[in-house]
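Grab your viewer and work through a few short exercises on this model. Try each task yourself before reading its solution.

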Amino acid sequence: RAEEAPSVLTLNQTGLEGAGPKVAILADAVSAPLDWRLTDARGLVVATGRTRVFGDDAASGQHIHQIDFSDVRQVGQGYRLTVGDKASRPFDLKAAPDGRLARAALSFFYQQRSGVPIEAALVERPDLARPAGHHPDRATCFNLADPRGQVWPGCDYSLDVSGGWYDAGDQGKYVVNGGISVWTLVNAYERARLLKRPRALAAVADGDLAVPERGNGVPDILDEARFELEFLLAMQVPEGKSLEVPLGVQSGRDGKGGPGHYVLTRIDAGGLVHQRVGDAHWTGLPTAPADDHVTRYLYYPTTAASLNLAAVAAQAARVWRDIDGAFADRCLAAARRAFAAAQRHPDILAQVEFTGSGGYGDPHVADELYWAAAELYATTGEAAYLAVLRASPYFSGEQGTGDISWGSVATAGALTLALVPDRLDGADRDRVRARLLALADGYVADEGKTGYHLPYAPASYPWGSNAAILNRAIVLGMAYDWTGNAVYRSAVVDAADYVLGRNPLDRSFVTGFGARPMRNPHHRFWARQADARYPAPPSGVLSGGPNSSAMTDMVAKEMKGGCAPQTCWADDLRAYTMNEVTINWNAPLAWVALWLDDTAP
Ligand code: 9MR
């Protein structure tokens with residue numbers, strides 16, 4: 001079916017809350033305010049007003065008028081905004097949330113599962129079913145040669161690392177990225193439980209999601225998260241193993257300058273966690289998981305991956321305590337071992353490249369240390385973890401915790417400290433909360449700097465910008481939870497509105513949602529665009545989004561220099577820097593969708 005033409009008058013294509021904030025955006029060169037009118041399905045005028053002129057907007061490259069019609073409090077279908085000869089598409093003003101987006105966003109994780117068949121009964125179309133991939137996924141270490149000729153000699157064991165989620169359009173499995181994704185899903189549950197939110201708990205309860213474990217008495221969102229947790233646990237180096245690893249300072253992997261300086265050193269590696277498992281070389285597009293027979297290799301363990309496992313296994317130990325005590329014990333033991341190992345080896349960085357899987361190299365692990373210590377302290381209350389926390393620049397406030405991403409996790413730690421009761425004493429907890437509120441206030445301030453009124457205003461849009469925006473919405477959501485201040489909730493709505501269509505491309509970046517949804521993600525199985533024998537994507541999958549920073553794929557190269565940040569995007573399977581899908585991007589989408597439903601007026 002042909003796609004509808006884009007409109008210059010955009011809003012959330014999935015509709016707006018009848019009793020919530022309502023903003024639409026008009027791109028129009030006229031400099032004076034313009035009259036707008038809102039009509040209902042019968043064409044009767046419901047409200048009128050004048051646009052607010054924002055003016056020239058660097059992010060979109062447009063001249064912007066904002067239309068705020070939040071005062072309209074009605075519900076129904078077929079509303080339309082009109083300004084002169086420009087009109088929006090008809091849209092709904094919704095009476096109550098329907099839970100569709102949250103369910104679809106969570107279903108992504110099931111469909112990314114490795115090592116198990118994807119069952120037709122659990123997916124929206126039969127062609128999305130597929131046989132198990134990488135079953136089993138047993139791997140030994142690569143012998144790595146880096147460009148300077150240094151060789152990582154590998155390891156003398158192999159690990160069964162079956163299961164877990166494929167990261168993205170590729171079939172690598174990465175601990176640093178799996179960790180933050182698990183944290184986000186488990187946090188959505190923990191928030192609902194600790195803040196006693198029946199609607200949010202019901203949305204993820206046993207039987208409410210399409211997962212094979214439904215009916216086992218455990219909330220389905222936790223079943224899904226555990227599927228990845230079991231894989232993360234399997235990536236831990238067994239006790240008693242020694243390995244040679246590159247120790248030292250990274251000065252420049254991941255595109256940031258010259259070669260790193262390190263010395264291969266033999267260490268006692270027990271408890272550390274392998275960075276990733278992936279193919280020895282990149283597979284072509286499309287390649288269904290079950291058809292990928294390329295040799296799988298483990299990357300050496302890193303400090304970041306170890307702290308990552310420590311953080312999420314500690315979080316799991318807390319959350320599963322009343323659900324499955326044996327699993328909680330196993331997680332806590334693994335978390336303690338990973339944390340201790342990372343403290344013994346604080347500078348094993350991912351700095352030797354091998355092709356076939358993503359780098360996720362992170363030269364800065366102080367935030368991972370803070371996050372892991374925060375989760376372990378929240379779970380155990382032990383003084384040793386509090387001491388590590390207290391020594392952290394993120395705890396003193398000397399350093400801001402920053403935006404959440406796979407490589408920046410301090411805010412995740414702060415959110416846990418602020419959420420979990422009875423650990424920090426009152427003053428310390430107040431300080432952690434106050435800093436999170438200041439972070440949220442900065443996000444709100446960014447709204448005023450952007451024509452499309454979203455809590456995000458970087459000069460250049462990064463890889464995965466849609467998730468950067470939704471991760472900010474998590475902080476804003478918690479800020480609303482703690483204060484009840486409607487400004488924070490409006491900013492979450494703004495973030496969701498942008499991702500679902502209120503943007504200069506008039507694009508819903510989520511498959512299956514809205515009039516002009518993304519259709520052609522960079523994915524090795526949902527590769528319909530490349531080969532009709534493969535399925536189109538399921539609903540609820542988030543595109544990485546506009547990327548004006550790393551324009552390295554063949555589609556982006558063509559666009560480079562010719563697009564404003566929010567328009568550096570194409571609905572093209574080849575466009576891996578702009579239109580890939582990943583677990584760490586869908587996780588904040590799920591969190592935000594659940595949260596919006598939970599707090600809907
Ligand atoms: O999301 C990652 C982004 O922050 C990095 O800039 C980029 C380049 O290193 O890699 C992205 O992660 C990709 C990973 O390496 C492999 N699987 C797909 C991920 C999303 O494109």
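**Exercise 1: strand 4 and its partners**

Thr39 has Arg80 as its bridge partner in strand 8. Strands here are DSSP E runs of at least two residues, and helices are H or I runs of at least four, both numbered from the N terminus. One housekeeping note: this is a predicted model, where local features need pLDDT of at least 70, side-chain atom pairs count only at pLDDT 80 or more, and totals for chains, interfaces and linings use all residues. Residues are numbered from 1 along each chain as its sequence is written, and side-chain values use heavy atoms, with hydrogens and water left out.

Task: work out how strand 4 pairs with strand 8 and with strand 5.

Solution:
- Start with the rule: two strands pair if DSSP finds at least two bridges between them.
- Strand 4 and strand 8 (residues 76-83) are antiparallel, with 3 bridges.
- Strand 4 (residues 35-39) also pairs with strand 5 (residues 45-50), again in the antiparallel sense, over 5 bridges.
- For a spot check, look at Trp36, whose bridge partner in strand 5 is Gly49.
- Now follow the hairpin of strands 4 and 5: it has 5 residues between the strands, and Gly43 takes a positive phi near 90°.

**Exercise 2: an open sheet**

Task: find the strand order of the open sheet of 4 strands, then say which strands stand at the edges.

Solution:
- The order is 1-3-7-6, with antiparallel pairing.
- Strand 1 (9-10) and strand 6 (52-57) are the edges; each has a single partner strand, so one side of each lacks a neighbour in the sheet.
- Strand 1 meets strand 3 (residues 23-27) in the antiparallel sense through 2 bridges, and Thr10 stands opposite Ile25 of strand 3.

**Exercise 3: two loop residues**

Task: classify Glu353 and Gly561 as buried, partly exposed or exposed.

Solution:
- Cut-offs come in handy here: buried is under 20% relative accessible area, exposed is over 50%, and partly exposed is in between (1.4 Å probe, protein chains only).
- Glu353 sits in the loop between helix 6 (325-344) and helix 7 (366-380). Its relative accessibility is 36%, so Glu353 counts as partly exposed.
- Gly561 belongs to the loop between helix 14 (554-559) and helix 15 (583-599). Because its relative accessibility is 80%, Gly561 counts as exposed.

**Exercise 4: confidence**

Task: what is the mean pLDDT of the protein?

Solution:
- pLDDT is the predictor's confidence in each residue, from 0 to 100.
- The mean is 95, and 96% of the residues reach 70 or more.
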